Structure formats: structure tokens, C-alpha cells
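Thanks for asking me to look this one over. Here are my notes, set out point by point so that you can follow along in your viewer.

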Amino acid sequence: MEPQTKRWKGSACDADSWVAFPVLSDQQSQDVELVEAFAAPIVDKKETSRLLRELNAVRPLNGLQHVKRVRAVRGSGGPHPLEVLVCLVSDAPDLKVVSIDDLLPPDGVQRDGLGEPFVVKVPARPPLTRPQFELASKHWPTSFHEDKQVTVALRGELFGPLRKARMSAYMAAALTAAETGAALGMEAVGAVAVDPASERIVAVGHDCSGDRPLHHAVMVCIDLVAQSQGGGCYSFDRYPACRFTPQTSGTFGGTEASSQPYICTGYDLYVTREPCVMCAMALVHSRIGRVFYGTSSADGAMGTKYKIHSKKDLNHHFEVYKGVLGKQCEELGGLGRPRQKTRAH
Ligand SMILES: [Zn+2]
């Protein structure tokens, strides 16, 4: 075990070996939900704006503001290059075979600009990511307010080479802590809290659950962050690899050492394995800034079983990225105390 530590010091080579992808909310990662609507060809293009005005007045597409009412028919050599949404199928639920007169009230829309209706599928919700937008647009044109950071992150390109080298170094410190814990008979999990503003490692912890069942690496690390601020509850003197940098040990880049954040506010956490529910909730309560983990856990609460970081009902949300030194973190699985079947860390 020990000789491997040297390999994990966070070289530029390490940074080329992995990609960190964001763990997005269910809303951002789910499939595109579709709803049926009646569309009809616009037989006279010059009537388009009148038809739009009249249809919007008598058949507003409530809740579907993201859907464009008119689409150009792709590659249309046909007589009608434009099609318009007339109404939702749910607005005319009992109709199987329909004519345009069945779908519209007697007054309000002059029909002669419209051809015979047919059923199409349109996206039920506004797309939140570029992949969702591209899928949604295959069905019907849709507007999209792009979050550029999410798009870049989904391509695995959010972090450049210099940043990745730093991230590799932080995760390497977590790996080293995990190995040290494993050598003491603990589960092989390590965690490192970093202040990204100063690039300072605030605390390093490893699993100590062999002695106290709740002392998962993340819980240890959070307590050590609190200790760095004069708080904390536990003594980890028996575990020298579990350590913290006192807040008063100096300043970096002009940061005031006296302006202490609330526990993990604005901090990044690097942890070798996806945190469990308990650890994820502790990270919510301690106001962590971002979490980077190496490899998934069967019962993980940041992507696998739950996505605690994006749960709407909770009062703190944060970004989570998965895959930093993923291979090395995965290989840790064979070290240390056998992992309990139902437990993530
Ligand atoms: Zn845990």
C-alpha cells in the first residue's frame, strides 16, 4: 500500500487521466417529456401573423411558453412550408378524427388560412441543458436559455489544465489520507477541505468509523474544519493524518485571517468516494461550496441514490463534480476494512 502513495502526488500526468463531469439535478438530467398537440399547415404564408394573433387569443398554450407556435417544415419542397400549433390534444380529448372546425370556437379565428390538422408531440417543459434542448428540438422548435457553464461542464471542459493539476493534488491528499486510514484498519476513504480563494488545504480527514461508527471521512473532515475555526467536537489525536490548518496561521493573497466563514462556506471538498446521506446532509448544514468526488458509491447521496445537493426542499444547494482521479479512487476499494454492504461514505 505505502509505495503507491508516491504515485498520487498530483502530477500534470494525473490531470490528463481523468475528466470531472457535473452531477446535475433530476430536472437537468431527465429525458424530455412530450405532450401531444394538434398542428396544421399554414396554407397562405401571408396569413401567418394574423393566425398567430388569433390562435394565441382563443387557444393559448398555457404552460408551454417555451414552445414556438410556428415551425418551418424542414427540407419542405411541399406546398406549405410553415406549420402552426392549433391547440393541445388535451383541449379536445374526445376527438379521434378531427377537422379544424372541431378544434376552434365558431368565432375568433378565420379558418381559410389553415389546412387539415394532425397530431404532433411538443416538449412539455423548457429544456435546461443543451442535450435536453437538442432532443426537444427534434420534436418541435423550442426556446432555450442556455447556462453556458453547464454546457461546458457537460463536455468535461470546465476545468483547464492548471486547475486540473490543482484538483489532482487535492484529491491525491485525500487518497493518501485514505491509505493511511486503511493501514490503521479503517475503510479506505479520505476527504480534504480546501479554501479555493487562497488554494489552502483547511483540513484533511480519513474514515475513523472502526472506532466510532459515524466518523466517516467527510464527518471527520467537517469537524476538523470547525476545529480550524476554534470549534469542533472530537479529538482525532490518535490519527495524525487527520489534521487541520489553523485559521490564524497566516494570510494568503491578502485574505483576512480574521474573517472566518461559517464552517465550510465557500470551501471545496475533495472526497475519494461519493458521500452517504448523513455526510451529504452534514455538507448541506455546514454550507459547503462545491464537492468533488472520485468514484460513485452504491448508496451514494450525490448522484447514485439521491441528489441531496440539488434537492429543492433543502435550504442550501451546491455543485457536485464526479471523476477527479476516478481510477485511483476506485482502486482504493480493495484497501482497508471491508466495506459494509449497505453503507456509502
Ligand atoms: Zn458518510
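The points below start with the whole chain and then turn to one helix and its surroundings.

1. First, the setting. This is a predicted model. The chain has 345 residues, of which 40% count as buried, and it contains 10 helices and 11 strands. Among contacts with a sequence separation of 6 or more, 66% join residues that are 24 or more positions apart.

2. Helix 9 is a good place to zoom in. This helix spans residues 277-285, and its buried residues are C279, A280, A282 and L283. Around the helix axis they take up an arc of only 160°, so they sit on the same side of helix 9.

3. What lies over that buried side? The cover for the buried residues of helix 9 includes helix 8 (217-228), along with strand 9 (268-273) and strand 10 (290-295).

4. The pairing of helix 8 with helix 9 deserves its own point. Two packed helices are described by the angle and the distance between their axes. Here the axes of helix 8 and helix 9 come within 9 Å and cross at roughly 25°. Because angles under 35 degrees count as roughly parallel, helix 8 is roughly parallel to helix 9. The crossing of the two is left-handed.

5. Now the residues at that contact. From helix 8 come V218, M219 and I222, which meet C279, A282 and L283 of helix 9. Sorted by class, the contact of helix 8 with helix 9 has 6 nonpolar residues, with no polar and no charged ones. C279, A282 and L283 are also among the buried residues of helix 9, so you may like to display them together with their partners from helix 8.

6. Just past the end of helix 9, have a look at the backbone of R287. This residue takes a positive phi of about 65°. R287 lies 7.4 Å from G266, C-alpha to C-alpha, with their positions 21 residues apart in sequence.

7. That brings me to G266. Where is it in the chain, and which residues does it touch? G266 is found in the loop that runs between strand 8 (243-244) and strand 9. Leaving aside residues up to four places away in sequence, G266 touches A197, P261 and G289.

8. Finally, is G266 buried or exposed? G266 has 13 C-beta neighbours inside 10 Å, and because a residue needs 20 or more to be buried and 12 or fewer to be exposed, G266 counts as partly exposed.

Methods
Residues numbered from 1 in each chain as written. Predicted model: local features only at pLDDT ≥ 70, side-chain atom pairs only at ≥ 80, totals over all residues. Helix = DSSP H or I, 4+ residues; strand = E, 2+ residues; numbered from the N terminus. Arc of directions from axis to C-beta. Contact = placed C-beta atoms within 7 Å. Axes fitted to C-alpha atoms, helices over the stretch in contact; angles between N-to-C directions. Parallel < 35°, antiparallel > 145°, perpendicular 65-115°, else oblique. Left-handed = near helix turned anticlockwise from the far one by under 90°. Nonpolar A, V, L, I, M, F, W, Y, C, P; charged D, E, K, R; others polar.
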